[in-house]
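Please look over the sequence and the model shown below before reading on. The explanation that follows is meant to be read with both in view.

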Amino acid sequence: MYFAALLARTEDGWEASDTELDDVETLADLADLAREATTDDETVLVCIEQEGEWFGVVRVDGEDDPRVYVSDAAAAMRSSYGEILLSDELLGRQPEDPSALDQLVDLDGTEEGEPEGAENDDDEEEAERTAVADAESAPAGPLGDPDVLSDLGMDGKALLSLVPEDALAEVAEALGCTDVLESVR
């Protein structure tokens, strides 16, 4: 179970709305969703918490690149929502080259030399091994920009010390928007 909320900073203070992430596949999609939450180029925070295991904060300021903080990258990597936040750049790895994958697949969707309709029984096992390897490649512990909220009332040291179960409530308290966040919880 996860909880996700958008906190948009306006002239009148913070406005919160809960959000579904089912249609969000990338960090760019998440940033676009955040930008839609405000009419101006105001600051928008996307706060995500998953089962008390990890939390993440994504900050979007207008058209700037999103800034990300994740409390436990290895735990987040095991979550489809966490994978959204953990971009190749944040993890320090080279992005996959989609054109290289296209060269391996014929137009009919089969790999070169593979008869049509052939099924690979190991696909599911390979996917599981890849997920485990990805989780192991992400560091256990915090990743990203701990100063993502510094100018809003929570310094990096305080953000690093948060326990996932209480993190979003403490972030809201530091920002002065506890009531607003609780209204969507």
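The paragraphs below go from the overall make-up to the sheet, then to strand 4, its turns and the cores.

This is a predicted model, in which local features need pLDDT of at least 70 and side-chain atom pairs count only at pLDDT 80 or more, whereas totals for chains, interfaces and linings use all residues. Residues are numbered from 1 along each chain as its sequence is written, and side-chain values use heavy atoms, with hydrogens and water left out.

The protein holds nine helices and six strands, these being DSSP runs numbered from the N terminus, with H or I over at least four residues for a helix and E over at least two for a strand. Of its 185 residues, 38% count as buried, where buried means under 20% relative accessible area, exposed means over 50%, and partly exposed lies in between, with a 1.4 Å probe and protein chains only. The exposed surface comes to about 10900 Å², of which carbon and sulfur atoms supply 44%; the areas come from the Shrake-Rupley method with a 1.4 Å probe, and for residues only the protein chains shown count as cover. Among contacts between residues at least 6 apart in sequence, 55% join residues at least 24 apart, a contact being heavy atoms within 4.5 Å.

The six strands make an open sheet in the order 2-1-3-4-5-6 with antiparallel pairing, two strands being paired if DSSP finds at least two bridges between them. Its edges are strand 2 (13-18) and strand 6 (143-144), each of which pairs on one side only. Strand 6 is joined to strand 5 (residues 67-70) in the antiparallel sense over two bridges, and there Val 70 stands opposite Leu 143.

Two helices can be placed against this sheet. Helix 1 (residues 27-35) lies across strand 1 (2-10), strand 3 (43-50), strand 4 (54-61) and strand 5, and runs at about 60° to strand 4. Helix 8 (residues 167-175) lies across strand 1, strand 2, strand 3 and strand 4, at about 155° to strand 3. For these angles, axes are lines fitted to C-alpha atoms, for helices over the stretch in contact, and angles run from 0 to 180 degrees between N-to-C directions.

How enclosed is strand 4 by the rest of the structure? Eight of its eight residues are buried, so strand 4 is largely enclosed. In a regular strand the side chains alternate between the two faces of the sheet. In strand 4 both faces are covered, with Trp 54, Gly 56, Val 58 and Val 60 buried on one side and Phe 55, Val 57, Arg 59 and Asp 61 buried on the other.

Strand 4 runs antiparallel to strand 3, to which eight bridges join it, and Cys 47 has Val 57 as its bridge partner. Its pairing with strand 5 is also antiparallel, over four bridges, with Arg 67 as the bridge partner of Arg 59.

Both pairings are hairpins. Three residues separate strand 3 from strand 4, and Glu 51 in that turn has a positive phi of about 45°, a positive value in a residue other than glycine. Glu 51 is exposed, with a relative accessible area of 51%. Five residues separate strand 4 from strand 5, and Gly 62 in that turn has a positive phi of about 60°. Gly 62 is buried, with a relative accessible area of 8%, and beyond its neighbours within four places in sequence it is in contact with Arg 35, Asp 41 and Glu 42. The C-alpha atoms of Gly 62 and Asp 40 are 7.6 Å apart, although these positions lie 22 residues apart along the chain as a sequence separation. Asp 40 also offers its backbone nitrogen to the side chain of Thr 38 at 3.5 Å, and Thr 38, in the loop between helix 1 and strand 3, is buried with a relative accessible area of 13%.

The largest nonpolar core has 29 residues, of which Leu 21, Leu 30, Val 58, Leu 85 and Leu 86 touch the most other members; such a core is a set of buried Ala, Val, Leu, Ile, Met, Phe, Trp, Tyr and Cys residues joined through side-chain atoms within 4.5 Å. Elements that give two or more residues to this core include helix 1, strand 4 and helix 3 (80-85). Apart from it lies another core, of 23 residues, among them Leu 7, Val 148, Leu 149 and Leu 181.

Note on methods. A polar contact is a pair of N or O atoms within 3.5 Å; within protein, one must be able to donate a hydrogen and the other to accept it, and residues adjacent in sequence count only if both atoms are side-chain atoms.
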